[in-house]
Amino acid sequence: MAGPGSQRRASRGASALLTAALLFATLGDVVRSEQQIPLSVVKLWASAFGGEIKSIAAKYSGSQLLQKKYKEYEKDVTIEEIDGLQLVKKLAKNMEEMFHKKSEAVRRLVEAAEEAHLKHEFDADLQYEYFNAVLINERDKDGNFLELGKEFILAPNDHFNNLPVNISLSDVQVPTNMYNKDPAIVNGVYWSESLNKVFVDNFDRDPSLIWQYFGSAKGFFRQYPGIKWEPDENGVIAFDCRNRKWYIQAATSPKDVVILVDVSGSMKGLRLTIAKQTVSSILDTLGDDDFFNIIAYNEELHYVEPCLNGTLVQADRTNKEHFREHLDKLFAKGIGMLDIALNEAFNILSDFNHTGQGSICSQAIMLITDGAVDTYDTIFAKYNWPDRKVRIFTYLIGREAAFADNLKWMACANKGFFTQISTLADVQENVMEYLHVLSRPKVIDQEHDVVWTEAYIDSTLANGQGPVLMTTVAMPVFSKQNETRSKGILLGVVGTDVPVKELLKTIPKYKLGIHGYAFAITNNGYILTHPELRPLYEEGKKRRKPNYSSVDLSEVEWEDRDDVLRNAMVNRKTGKFSMEVKKTVDKGKRVLVMTNDYYYTDIKGTPFSLGVALSRGHGKYFFRGNVTIEEGLHDLEHPDVSLADEWSYCNTDLHPEHRHLSQLEAIKLYLKGKEPLLQCDKELIQEVLFDAVVSAPIEAYWTSLALNKSENSDKGVEVAFLGTRTGLSRINLFVGAEQLTNQDFLKAGDKENIFNADHFPLWYRRAAEQIPGSFVYSIPFSTGTVNKSNVVTASTSIQLLDERKSPVVAAVGIQMKLEFFQRKFWTASRQCASLDGKCSISCDDETVNCYLIDNNGFILVSEDYTQTGDFFGEVEGAVMNKLLTMGSFKRITLYDYQAMCRANKESSDGAHGLLDPYNAFLAAIKWIMTELVLFLVEFNLCSWWHSDMTAKAQKLKQTLEPCDTEYPAFVSERTIKETSGNIACEDCSKSFVIQQIPSSNLFMVVVDSSCLCESVAPITMAPIEIRYIESLKCERLKAQKIRRRPESCHGFHPEENARECGGAPNLQAKMVLILLPLLLMLFSR
């Protein structure tokens, strides 16, 4: 680009020595005087550039024509104020009906499963060839299908993101650590086969259903439609349905849990490793409705998190991960005093229950130890008998059975369960046993509570368009056989997934206005859907944030410091709340300050509450036009028309034959009466027709401009576009598609610049906040750290120019080459008001630097081309600081509670290696062999064998961790059109002039370059991590936000059979099974 900067550099070379000599000659004798920049000259430049660029933007966008056309239809238009409360109630009702349909599908599965099990008689010798999801379509070396791997027809299906599925049959996944042909599994698979016809029937009734499934208490997982599962690189499928939140929530009631871990000297080595893994597995089974604490004990008590002494905390992901990190600090020594630990656990549960903060349902103590010398019946008599409201679950670590009887007695006497864990491979299966005990009261009550999970990402359906967020509706399945009633046998859990986008389809975005949005939260205040939820972060490739499913509403609506809105919604109230908000746009670099009115109510039949945010001003009004169907259909046929595909004009999911239709195709068929089964939003379609008719003339206008070659001879303007409040878009190219500088603009992947399910395009939103008739100019920010954009986007809003209150009915704009835009600026900056043509100052002068910045302080034009897109404060810190002091710009502090920050963490390869199934098995073998030879040698082989697994050198590893950050954004003060100033620096005075460009969001800044003013630091927009002091960290851990408990609780039942309380496995038989492969391997060497 041939700007004045490059011209000046050519001339500087010849005179550099002369200039230097003059400077050094005068520096000692003359005090440098400040450079005076004439305000009138800068005003002339700004006016010339503003007039030129607005003329181009208005001409090529057709803004005046479109404004005129809407004005012509003014008599056919009515404007209504939106009743936010009425709107949110209607939306909640629509969602309630949609959710009810999903839960009814699940209820039909429950009835079918219980009926099938009732008719089935267990057969230990049953042989049944089922479709194993891992083995299907697999052949041996001779080309024959593997056992359980028969031919299973799979075909790509667009409803399932073109994954190959079988919509006629389900198939079965069995975890790698379980035997495919275990009699319990074979029998369960056999009787659950009857679910196939219900799966298909449900899908026929509601074609919007995604996955349907049955998770068995025995461990297998039946999924519809059938799909092939692929093991990981180790040949392992670690998925166990019983460890999923939907299973645990449906199977059990909320619970308060105290975990006691023995860290006496006898727990050294592998035993402590197994104990830690057992604790970690228990934490996996706790959800957001549960509360817990972990206490390690020897002769003293050691709270794993000392600051949480004497209380319980919510089992959200953040708290569980915090405790997991502290588990690594446990080490074994001393003598185990279990009586002290039990007393503490009972006191905590009692005290916490009285606060009313916990689950107020089930309570349990989990005891993890390698032995107990007593039954401690006096403690149980004091705290727990005769009601036995606190269940005791005991986990014996190691293979010795000497103390098994005491531990089993404790569990059986307190309605719990005893199990023995000898190896790491045993941990998960044994931990799961306690869930079946806690499910007994619910089973005996035969209460099929419907549960809904928080939002999570479905990795199966993930695609290039972004994460697929889901919620699951699930219900428990019980045994109805009379002889098992008192045992309370849980057969499993059935469920179906509901994509969050299904909720968004029920929301009429056109009714919410440009900045309006809908959102939903759970009973814990966590976000189910919100346009500000960012579940992924980018680090080479997109990854899930660890805590994405537990982002609290207060973390995105952070201006509500007192949680008024959040708490009202958690408490399922209906009402209204207003506050000033600071909404970031354009990758978080810009901010819009506005006042939002929030309307909220509960969604009946679910734990969710719904909210709607409407921005004050144009966002509160709805615009109705009226044209005939014939007129509208004619103008919808134009090839440049498109509609927001993520908006629901017509429901194309209800019938499979409609799924291939775009929204525009569906509307045309609906209006022509060719598809009577199509269900469409008549009100929205009427408005689409109106917008199509009013905006139609602009197509001919753009075409005439494109045909007039002399109008755009240098092809500086490349694209013209418009969008209306109904999601209708028109696009015109002034150059060939292959010649476009920005090939991604307005394409499906350009999410910020197209109509989405939850927001209007960026150029529309920014134009709406600009003064009517003026244009907003911007350079698109790239996702990388360096902005190398080479286009400028200009857009303006279209409003009814009368005295009535009106929404912004449309926005139009253009995209032009940056080089073209900058050339216009430099041409304007050479203009001069003097009669002799000799200017007192010019942007070509060495003594000044000229910039063009926008209302957020980003540079669009600079003599140094590499500064394009940079924040002005990073280049001219002293000037930006002065502008802030003078009030020309203001700093707005923003907070990001979903940030990811780099952190140095100690890591050990060994710690994670033990979690690998193969390493776990080898570790177990080494431990067993050590135990066998202990009587031969007086040497602690256990620690020697184990050292290579756990005693790896600690090293620092840089990782990305969730964190809170604070960062600034900057906005110009609209009332200030021009200003000048002087900055006193160390040895000079720096002058500058800032002048607004008319009819735009831009400012010309001319700065004295002879005074560097390096003593003033640059002003950056870099986020700063908020680091909490230790005492504040503790307070944050203890602080519990208001939450609403699930309405049902099944903690106890008088008919419960507590004699089913576990037992020691056959250790001798197990030892032979474990040692046999090892001995064969040794003898074969």
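Thr529 in strand S19 is the bridge partner of Ala520, and this pair is a convenient point of entry into the structure, which is a predicted model. The two strands concerned are S18, covering residues 517–521, and S19, and they pair in the antiparallel sense over two bridges. They belong to an open sheet of five strands, arranged in the order S19-S18-S24-S23-S22 with antiparallel pairing. At its edges stand strand S19 (527–529) and strand S22 (575–585), each of which pairs on one side only. Neighbouring strands of this sheet are turned by 35° against each other on average, direction ignored. Helix H4, which spans residues 84–119, packs on the sheet and touches S22, strand S23 (590–602) and strand S24 (609–615), its direction making about 145° with that of S24.

Strand S23 also leads to a salt bridge, for the side chains of Asp602 and Arg572 meet with a distance of 3.4 Å from N to O. This pair links distant parts of the chain, since Asp602 lies in strand S23 while Arg572 lies in the loop between helix H17 (564–570) and S22, 30 residues apart. Asp602 has a relative accessible area of 13% and is therefore buried, the limit being under 20%. Arg572, at 17% relative accessibility, likewise counts as buried. Asp602 forms a salt bridge with Lys604 as well, the closest N and O atoms being 3.6 Å apart, but Lys604 is partly exposed, with a relative accessible area of 49%. Elsewhere, salt bridges that share partners join Glu80, Lys511, Arg624 and Glu683 into one network.

The structure holds 53 salt bridges in total, and one of them lies within a helix. The side chains of Glu321 and Arg324 meet at 2.9 Å, N to O, and both residues lie in helix H9 (residues 317–327), three residues apart, which is about one turn of the helix. Glu321 counts as partly exposed at 29% relative accessibility, whereas Arg324 is buried, with a relative accessible area of 17%.

A nonpolar patch on the surface is formed by Ile335, Met337 and Ile340, which together have about 250 Å² of accessible area. Ile340 lies in helix H10, residues 338–355, and it is partly exposed, with a relative accessible area of 33%.

A further open sheet is formed by five strands in the order S35-S34-S40-S39-S38, and here too the pairing is antiparallel. Strand S35 (859–862) and strand S38 (978–984) each have a single partner strand, so one side of each is left without a neighbour in the sheet. The twist from one strand to the next averages 20°. Within this sheet, strand S39 (residues 989–996) and strand S40 (residues 1002–1008) pair in the antiparallel sense over five bridges, and Gln995 stands opposite Met1004 in S40. Helix H2, residues 39–61, packs on the sheet by touching strand S34 (848–854), S38, S39 and S40, and its direction makes about 35° with that of S39. Helix H23, residues 818–828, also packs on the sheet, where it touches S34, S35 and S40, and its direction makes about 60° with that of S35.

Notes. Residues numbered from 1 in each chain as written. Predicted model: local features only at pLDDT ≥ 70, side-chain atom pairs only at ≥ 80, totals over all residues. Heavy atoms only, no water. Patch = residues over 30% accessible without salt bridge, like charges linked within 9 Å, V, L, I, M, F, W, Y side chains within 5 Å. Areas by Shrake-Rupley, 256 points an atom, 1.4 Å probe, with all protein chains shown as cover. Salt bridge = Lys/Arg side-chain N within 4 Å of Asp/Glu carboxyl O. Helix = DSSP H or I, 4+ residues; strand = E, 2+ residues; numbered from the N terminus. Buried < 20%, exposed > 50% of the residue type's maximum accessible area, 1.4 Å probe, protein only. Pairing = 2+ DSSP bridges. Axes fitted to C-alpha atoms, helices over the stretch in contact; angles between N-to-C directions. Contact = heavy atoms within 4.5 Å.
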